Amino acid sequence: MSDTLNIQQNEQRIAGVDEAGRGPLIGSVVAAAVILDPAQPIVGLNDSKKLSAKKREQLFIEIQQKALAWCIAEASHQEIDELNILNASLLAMQRAVDGLSITPDKVLIDGNKTPKSMTLPCEAVVGGDALHAEISAASILAKVARDRQMQNLDQTHPQYGFAKHNGYPTKAHLQAIAEHGVLPEHRRSYKPIQLALQNMLSK
């Protein structure tokens, strides 16, 4: 437990939920849900974006070892194209909560929206990954899992540079798409991919 983030100390079991991968042009959006154990504090929890990759990897293991319960889930690139990225993110979050081995008393979700299908007491917390240890832990699990997804994709398609840009619409990624084409895992509903497909058809 860090100096700024406190695990809920009451008897309620709080699940923190966060996602990673809304902005990239490729792959799934990944969500995680975590119920921390007050008896096993974890030092250094913070918004995953504020941590180094090495620190995230260390905490990824520690969270899984010490949490009362955790689950990582995702919504596929096909579901993103069908539902839009917001609804796909909420679906992944719902799946993460549903996958917990312990049913939480309350769910805290990073952001300003909660899944409509959530039947448990639930609260959206803007900037929650910097406020609640449970959400911070979830953000770390989701971020590491999502980055690993991109590292695996980099193994099969090294010419796209996924290990470097993690699928975000960087200049290098857009250039690789222009040179090598759109992959099956690319999100067809995203404008840069739509433009790339149009350019391919016009050639």
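1. Buried face of helix 3. In this predicted model, eight positions deserve a look. Ala88, Ser89, Leu90, Ala92, Met93, Gln94, Ala96 and Val97 are buried in helix 3. Ser89 and Gln94 are on that list, alongside Leu90, Met93 and Val97.

2. What covers helix 3. Which elements lie over these buried residues? The cover includes four strands and a helix. The strands are strand 1 (14-20), strand 2 (29-35), strand 3 (69-75) and strand 4 (106-110). The helix is helix 2 (77-83).

3. Length of helix 3. Helix 3 covers residues 85-98, which makes 14 residues. From first C-alpha to last, helix 3 reaches 20 Å. That is close to the 20 Å expected at 1.5 Å a residue.

4. Start of helix 3. Check Asn84 here. A side-chain oxygen of Asn84 comes to within 3.1 Å of the backbone nitrogen of Leu86. Asn84 itself belongs to the loop between helix 2 and helix 3.

5. Backbone of Asn84. Most residues other than glycine have a negative phi. Asn84 is not a glycine, yet its phi is positive, at about 85°. Is Asn84 buried or exposed? Asn84 is partly exposed, with a relative accessible area of 38%.

6. Backbone of Asn166. This asparagine also has a positive phi: the value for Asn166 is near 55°. Asn166 sits in the loop between helix 5 (162-165) and helix 6 (171-180). Its relative accessibility is 14%. Buried means under 20%, so Asn166 counts as buried.

7. Overall fold. The protein has seven helices and five strands. Starting at the N terminus, the order is β-β-α-β-α-α-β-β-α-α-α-α. The radius of gyration is 18 Å, close to the 17 Å that the globule rule gives for 203 residues, so the protein is as compact as a globular protein of that length. The C-alpha trace spans about 65 × 35 × 25 Å along its principal axes.

8. Contacts across the chain. Take the contacts between residues at least 6 apart in sequence. What share of them joins residues at least 24 apart? The figure is 64%.

9. Burial and surface. Of the 203 residues in the protein, 50% are buried. The exposed area is about 10,000 Å². Carbon and sulfur atoms supply 51% of that area.

Definitions and conventions
Residues are numbered from 1 along each chain as its sequence is written. This is a predicted model: local features need pLDDT of at least 70, side-chain atom pairs count only at pLDDT 80 or more; totals for chains, interfaces and linings use all residues. Side-chain values use heavy atoms; hydrogens and water are left out. Helices (H or I, at least four residues) and strands (E, at least two) are DSSP runs, numbered from the N terminus. The expected span of a helix is 1.5 Å times one less than its number of residues. Buried means under 20% relative accessible area, exposed over 50%, partly exposed in between (1.4 Å probe, protein chains only). Contact means heavy atoms within 4.5 Å. A polar contact is a pair of N or O atoms within 3.5 Å; within protein, one must be able to donate a hydrogen and the other to accept it, and residues adjacent in sequence count only if both atoms are side-chain atoms. The radius of gyration is taken over C-alpha atoms; the globule rule is 2.2 Å times the number of residues to the power 0.38. Accessible areas come from the Shrake-Rupley method with a 1.4 Å probe; for residues, only the protein chains shown count as cover.
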